[in-house]
Amino acid sequence: MKTMTCKQMGGPCDHPNTGKTADEVIKSQDKHLKDAAASGDESHESAAKAMKGRWKNPISGMGWYRQMKRDFAALPED
Ligand SMILES: [Zn+2]
């Protein structure tokens, strides 16, 4: 398992996202951003919007996704 924080993925806090693959960690972060934004956390709202925009805009979103995969691959195992 590896851990990437909310901050490492472009968010505002140190919430840890743990997973076996980059996809798991990205999914976890996506959920974290949605949950935080839904509970009225404004600092997460823009990050949640940016995340949503990435799914809508695959070309620019793909660059972020590739970067996350590279960052994830470079992390040590927990
Ligand atoms: Zn966060």
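## Helix 3, out in the open

Helix 3 runs for 17 residues and reaches 24 Å from its first C-alpha to its last, close to the 24 Å expected at 1.5 Å a residue. Keep in mind that this is a predicted model. For all those residues, helix 3 is hardly covered: out of its 17 residues, the count of buried ones is one.

Just past helix 3 comes a segment that holds Leu75. Is Leu75 buried, exposed or partly exposed? It counts as partly exposed, because there are 13 C-beta neighbours inside 10 Å, and the exposed class stops at 12. Leaving aside residues up to four places away in sequence, Leu75 touches Lys2 and Met4. Its C-alpha also sits 8.0 Å from that of Thr3, even though Leu75 and Thr3 are 72 residues apart along the chain.

## Helix 1 and its covered face

Now for helix 1, which takes in residues 22-38. It has 17 residues, and its first and last C-alpha atoms are 24 Å apart, close to the expected 24 Å. Its buried residues are Val25, Ile26, Gln29, His32, Leu33 and Ala36. Look down the axis of helix 1 and these buried residues fall within an arc of 120°, so they line one face of the helix.

What lies over that buried set? The cover includes strand 1 (2-5) and strand 2 (16-19), along with helix 2 (42-56) and helix 3 (58-74). Turn to the face pointing away from the buried side and you find the exposed residues Lys31 and Ala38. After helix 1 comes Gly40, with a positive phi near 90°.

## Helix 2, with two sides to it

Helix 2 checks out on length too: its 15 residues should span 21 Å at 1.5 Å a residue, and its end C-alpha atoms are 22 Å apart, which agrees.

Which residues of helix 2 are buried? They are His44, Ala47, Ala48 and Met51. Seen down the axis of helix 2, they fall within an arc of 105°, so this set lines one face of the helix. Helix 1 is part of what covers these buried residues. Over on the other side of helix 2, Glu42, Lys49, Gly53 and Lys56 are exposed.

## Putting the helices together

Helices 1 and 2 turn up in each other's cover: helix 2 is among the elements over the buried residues of helix 1, and helix 1 is included in what covers those of helix 2. Helix 3 also helps cover helix 1, while being hardly covered itself.

How values were computed: Residues are numbered from 1 along each chain as its sequence is written. This is a predicted model: local features need pLDDT of at least 70, side-chain atom pairs count only at pLDDT 80 or more; totals for chains, interfaces and linings use all residues. Helices (H or I, at least four residues) and strands (E, at least two) are DSSP runs, numbered from the N terminus. The expected span of a helix is 1.5 Å times one less than its number of residues. A residue is buried if 20 or more other C-beta atoms lie within 10 Å of its own, exposed if 12 or fewer, and partly exposed in between; C-beta atoms are placed from the backbone. The arc is that of the directions from the helix axis to the C-beta atoms. Two residues are in contact if their C-beta atoms, placed from the backbone, lie within 7 Å.
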